[in-house]
Amino acid sequence: MAVQTGLGEPRGPWFVSPELDPEGRARREAEAAARDGAARRWRGRLLTAFVVIALSTVSGAAAGGWVASRGGAPGESAASAAPVPAELVTAAERTVPGVVSVLAGGAGTGGGATGSGFAIDDQQHIITNDHILAKGGGGSVTVELPDGRRYTAEVVGREPSSDLAVLRVPPSAGLSPLPLAKPGTTRVGEPVLAVGSPLGLAGTVTAGIVSAVDRQVRLGQNRHTAVQTDASINPGNSGGPLVNARGEVVGVNTAIATIDGNGSIGIGFAIPIEQVQQTADTIIGKGG
């Protein structure tokens, strides 16, 4: 059964189903392939000599024709990956410098929590998820910048009901604030990027689309309307921005749906930018 949860432990890339062999094939198919391979092996040996002779007589002409058809670029692969839209590349370049890693409590020693955050103004205020601070047990909060510098962050305020918190670092941090999307402009189907520090890998960017804009999910202590996306998000992405192709923040990555707690299945949720901006303004207004 699919359940919405925090960014829990995913299965790693090393996971292989017990029904598959190490190469990803069904074990019965692999065994049948092995038997067929043995039967064909002797025929292959007999054919090898004839094949080599045939290839040697036509290889020169074939190679020349192939090079001509490729415009004289033999180094290019026959099949290449679809090009990444230029606007997404630009959006990533603009976003990464404003995204930080958040370490709360005893993070790094097994007793705290890690997540992400991003600058929202030139006063060095940083938005992140409240559940990161809660898991940190109320201990000190450290912010690590993209260039590796670390600062002890002031907790300006927290709003557990919306799972948002605002931090602040000294002016010397020099973080670039990210632009925020205009309320009501996020559209289903538009491309988005999730930026953050999943599994401690700072500056990670994953791509997807907006799957829904009015999804009802539990965020923090209450139910809220969330932006749903299929961009890959994992532990450590919490608090990081979900941005559109213009590099504007459309939401704060907060939770994922899982099947029996087994990690991301391509259904993630972000707090809409309208809620983020309203909550941040309230917290900053109260805390300075």
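How much area does the protein chain expose, and what share of it do carbon and sulfur atoms supply? About 15300 Å² is exposed, and carbon and sulfur supply 56% of that. Keep in mind that this is a predicted model.

Some totals for the protein chain. There are 288 residues, of which 38% count as buried. The secondary structure comes to four helices and 13 strands. Now contacts. Take those between residues at least 6 apart in sequence: 60% of them join residues at least 24 apart.

Let me start with strand 7. The strand spans residues 164–168. It is mostly covered, with four of its five residues buried. It has pairing partners to go through. Strand 4, residues 125–128, joins strand 7 through four bridges, and the two run antiparallel. Within that pairing, Ile-127 has Val-166 as its bridge partner in strand 7. Strand 6 also pairs with strand 7, again antiparallel, over five bridges. Here Arg-158 is matched with Ala-165 in strand 7.

Strands 6 and 7 form a hairpin, with four residues between them. Look at the turn. Asp-163 sits in that loop. Its phi is near 60°, which is positive, and the residue is not glycine. Is Asp-163 buried or exposed? Its relative accessible area is 4%, under the 20% cut-off, so Asp-163 is buried.

There is another residue of this kind. Gln-124 has a phi near 70°, a positive value in a residue other than glycine. Gln-124 lies in the loop between strand 3, residues 111–119, and strand 4. Gln-124 is buried too, at 5% relative accessible area.

Next, the nonpolar packing. In general, nonpolar side chains in soluble globular proteins tend to be buried together. In this model, the largest nonpolar core has 22 residues. Which of them touch the most other members? They are Phe-118, Ile-127, Val-166, Leu-193, Val-252 and Val-276. Several elements supply at least two residues each: helix 2, strand 7, strand 8 (191–196), strand 12 (249–259) and helix 4 (273–287). Helix 4 gives the largest share, five residues.

A second core is separate from the largest one and has 18 residues. Val-100, Ile-126, Ala-153 and Leu-175 are among its members. So follow the numbering in strand 4 with care: Ile-126 belongs to the second core, and Ile-127 to the largest core.

Stay on Ile-127. Leave out residues up to four places away in sequence. Ile-127 still touches a long list, including Phe-118, Ile-120, Leu-164, Val-166, Val-252, Val-276 and Ala-280. Ser-116, Gly-117 and Gly-239 are also among the residues that Ile-127 touches.

Helix 2 is worth a look from both sides. The helix covers residues 86–95, and Leu-88, Ala-91, Ala-92 and Thr-95 are buried. Those four cover an arc of only 100° around the axis, so they lie on the same side of helix 2. On the other side, Ala-86, Glu-93 and Arg-94 are exposed.

Last topic: charge pairs. How many salt bridges does a search of the whole structure find? Five. I will show some of them.

One is Arg-158 with Asp-130, the closest N and O atoms being 2.5 Å apart. Arg-158 is in strand 6, residues 150–159, and Asp-130 is in helix 3, residues 130–135, so the pair ties together parts that are 28 residues apart in sequence. The two ends have their own settings. Arg-158 is partly exposed at 37% relative accessibility. Asp-130 is buried at 5%.

Another is Arg-168 with Glu-154, at 3.0 Å between the closest N and O atoms. This pair links strand 7 to strand 6, with the residues 14 apart. Arg-168 is partly exposed, with a relative accessible area of 24%. Glu-154 is partly exposed as well, at 37%.

One more: Glu-248 with Arg-246, where the closest N and O atoms are 3.1 Å apart. Arg-246 has a relative accessible area of 47%, so it counts as partly exposed.

To close, back to strand 7. Strand 7 pairs with strand 6 over five bridges. It is joined to strand 4 by four. It supplies at least two residues of the largest core. And its Arg-168 forms a salt bridge with Glu-154.

Methods. Residues are numbered from 1 along each chain as its sequence is written. This is a predicted model: local features need pLDDT of at least 70, side-chain atom pairs count only at pLDDT 80 or more; totals for chains, interfaces and linings use all residues. Side-chain values use heavy atoms; hydrogens and water are left out. A salt bridge is a side-chain nitrogen of Lys or Arg within 4 Å of a carboxyl oxygen of Asp or Glu. Buried means under 20% relative accessible area, exposed over 50%, partly exposed in between (1.4 Å probe, protein chains only). The arc is that of the directions from the helix axis to the C-beta atoms. A nonpolar core is a set of buried Ala, Val, Leu, Ile, Met, Phe, Trp, Tyr and Cys residues joined through side-chain atoms within 4.5 Å. Contact means heavy atoms within 4.5 Å. Two strands pair if DSSP finds at least two bridges between them. Accessible areas come from the Shrake-Rupley method with a 1.4 Å probe; for residues, only the protein chains shown count as cover.
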